[in-house]
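Welcome to this guided tour! Open your viewer, get ready to select residues, and follow along one stop at a time.

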Amino acid sequence: MTFLNRYSPLKKKEAIFGWKLVSPTVILISVLILYPVFYNIYLSFFDVSLSIGSENKFVGLSNYINILKDSTFWRSFGTTVAFTLITVIGSILLGLGVALLMNKKFFGRTLVRALLLLPYVTPLIAIVFSWKYVLLPIDGPLTKFLTLFGFSSGMDIINDPNNSFIVVSIFNIWRNFPFIYLMILSKLQAINEDYYEAAEIDGANSWQKFLHITLPELYFVIGSVALLRGIWNFYKFDEVYLMSKFANTLPIYIYEKAFTGVPQQGVAAAIATLLFLFMMVIIGYYVRKVLKW
Amino acid sequence: MVKRKSPIKTFLFYFAIFSLVIFVVYPFAWMLSVSFRYDSDAFDSGIIPKRPTVNAYMELLGLKESIRDELSNEEKQLLDLIKDLPEEQQKPVLERIYSQRKKEAFPFLRFFLNSLLIAGLSSLVSVIISVFGAYAFSRIDFPGRGGVQKSVLLVYLFGGTILAVPLYQIFVKIGMTGSGSKGLISLFVIYLVQTLPVSLYMLGNYFRTIPETIEEAAIIDGSSRLGVITKIIIPLSLPAIITVFIYAFMIGWNEYLFASIFIRPYPQFYTLPVGLNEIFYSDHAIWTKMMAASVMTSIPVIILFMTMEKYLVGGLTAGGVKE
């Protein structure tokens with residue numbers, strides 16, 4: 001530890017103590033997060049063998065070439081991008097609307113605020129089952145209700161490849177808007193009241209106040225939650241897969257390639273690498289242009 | 001300036017609140033309702049059960065034998081019948097009975113305990129490691145601190161989807177996939193590392209709000225740094241520590257992807273998400289039981305949330321979430 005020599009003895013002792021405290025964290029994260037990310041890139045150049053003893057076969061770029069030629073991959077990719085955009089925009093609009101409502105005082109607000117958290121905190125598997133129940137063909141109560149608006153009751157909305165994407169998107173918005181609403185609400189409550197009073201004196205109506213004071217103040221929060229939700233939804237596996245096996249987003253495509261049928265883990269690793277690179281480029285661009293860091 | 005609200009606006013406001021509540025509560029209301037019904041009433045219209053019963057709960061908790069268990073009398077008779085047959089002829093019948101029994105099993109309590117064990121242990125260890133790590137981040141100046149902190153936050157950018165294949169390969173290589181208990185240990189380590197960033201980030205933020213003067217006084221009185229952590233920091237931040245524990249617990253309680261990869265071949269070791277999902281796609285899916293199981297899966301989390309709501313909502317907005 002020669003680099004510590006420029007520190008005084010007391011400082012040196014402190015620094016060593018600091019490293020001791022964080023060493024379990026550093027070891028765990030390097031071994032189980034950082035190393036696997038690179039190992040994944042390495043695996044993507046191999047035909048990965050699943051039987052112990054036989055070696056992985058180096059295949060160069062052929063995993064990548066096969067994927068890029070595969071039309072299922074491109075369709076999945078399109079679905080994933082659409083899913084991410086729809087759910088991020090949808091949950092932000094809903095979250096913003098709810099935050100504006102909940103920012104007003106009204107009778108029963110405490111109870112409503114507690115109820116609003118339910119979709120987000122209840123274990124996923126439980127709400128997946130209740131959604132599947134209400135959307136059952138013929139018998140599901142929501143299906144029965146929807147037939148009043150001309151839906152055919154015999155349709156299995158969740159397991160129909162044409163509709164499952166829509167159901168999964170709505171489900172994702174329903175589950176995640178409470179997170180966004182809370183983030184926006186905490187910022188709303190921190191906006192200085194003086195701005196609004198000054199605007200009122202200038203004769204601004206409520207829409208103008210929203211447009212010129214509230215929205216600019218919320219810009220950074222909304223930008224940040226959009227980033228977080230965008231990343232999480234792009235990688236989202238469980239909420240999609242448990243809800244419907246027919247909404248073919250890329251994480252599900254990877255899972256099925258890697259762990260079902262005849263596993264092709266090298267191909268799965270290559271898809272994951274592509275996904276990761278795509279995400280890095282988008283995040284880099286977004287952080288500089290939208291969040292202006 | 002006194003504003004008079006128009007009645008139309010007030011009506012629209014309450015209508016919006018009302019629709020919002022319906023939108024949010026709808027699936028939960030049906031979940032509760034169906035869980036208190038008999039199997040034959042599962043699809044009655046009307047949300048209030050006409051013949052409420054706790055039958056499904058009793059069966060799940062093993063307090064009452066399900067009708068399907070009673071059916072095994074028929075199987076017993078069948079067993080008596082085939083006793084005199086030669087062994088080769090007995091075999092297929094026996095196998096059919098056993099596979100039938102297996103299909104009908106709904107070991108909810110086992111899933112529940114497995115989940116409790118794995119989520120509880122991994123979040124406990126995660127919190128312990130994080131208390132020390134977060135203390136170092138917030139109080140001690142050591143070379144490389146910024147870099148370590150940044151790489152911890154980077155973890156937010158890597159979803160489980162990206163890590164699934166390499167982690168599986170690593171655990172296969174070190175021989176951690178051969179049995180159910182090994183699978184559980186793999187899961188424990190994975191949940192631990194998945195919850196660490198959340199715990200470190202939240203606790204670090206909290207520790208920075210504790211005035212350093214208290215610690216300085218203790219150090220002048222001759223207390224060691226470790227003594228400061230155990231005697232001052234931990235008691236002072238107990239609510240924050242419990243909050244972090246609950247978040248970490250929820251991650252393990254919910255996790256499906258890795259659980260399905262590492263313990264799929266070992267039904268004895270299923271956690272709730274994997275076990276319930278397997279049952280859903282088996283012949284044993286009965287809506288009343290599925291709903292009762294859903295309610296009971298939710299109860300621990302909802303109770304934890306209700307009791308700690310003030311801290312937890314604060315934690316949510318302070319970045320205590322990772323998916």
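**Stop 1: a hidden space.** Our tour begins at the lining of the second largest cavity, where seven residues are nonpolar, none is polar and one is charged. Keep in mind as you look around that this is a predicted model.

To see this lining, select Ala114(A), Leu117(A), Leu118(A) and Val121(A), then add Ile302(B), Phe305(B), Met306(B) and Glu309(B). Which elements give two or more residues to this lining? They are helix 4 (109-121) of chain A and helix 15 (287-307) of chain B. Colour helix 4 of chain A, since the largest share of the lining, four residues, comes from there.

The space inside this second largest cavity is about 70 Å³. In the whole structure there are two cavities of 30 Å³ or more. Rolling a probe the size of a water molecule over the atoms shows where such empty space is left.

**Stop 2: where the chains meet.** Now show chain A and chain B in two colours. How many residues does each chain bring to the contact? Chain A brings 96 residues and chain B brings 90. Between them, the two chains bury about 8300 Å², with 78% of this area on carbon and sulfur atoms. Next, select Leu32(A), Phe129(A) and Tyr133(A): in chain A, these lose the most area to chain B, together 9% of what that side buries.

**Stop 3: charges and polar pairs.** Side chains of opposite charge can pair when their charged atoms come close. Over all chains, the structure holds eleven salt bridges. For one pair that crosses between chains, select Lys11(A) in helix 1 of chain A and Asp141(B), which sits in the loop between helix 6 (108-139) and helix 7 (145-154) of chain B. Zoom in on this salt bridge: the closest N and O atoms are 3.2 Å apart. Across the interface of chain A and chain B, there are two salt bridges. Polar contacts join twelve residue pairs between these chains.

**Last stop: the chain A side.** Select helix 1 (residues 9-43) of chain A, which gives the most to the side touching chain B, with 22 residues. Finally, colour that whole side of chain A by residue type: you will find 73 nonpolar, ten polar and 13 charged residues.

Note on methods: Residues numbered from 1 in each chain as written. Chains lettered and ligands numbered in written order. Predicted model: local features only at pLDDT ≥ 70, side-chain atom pairs only at ≥ 80, totals over all residues. Heavy atoms only, no water. Contact = heavy atoms within 4.5 Å. Buried area = accessible area lost by both parts, 1.4 Å probe. Salt bridge = Lys/Arg side-chain N within 4 Å of Asp/Glu carboxyl O. Polar contact = N/O pair within 3.5 Å; in protein donor to acceptor, adjacent residues only side chain to side chain. Nonpolar A, V, L, I, M, F, W, Y, C, P; charged D, E, K, R; others polar. 1 Å grid on protein atoms, 1.4 Å probe; cavity = no way out; pocket = protein on both sides within 12 Å on 5 of 7 lines; lining within 4 Å. Points joined across faces, edges and corners; volume = space filled by probe spheres on them.
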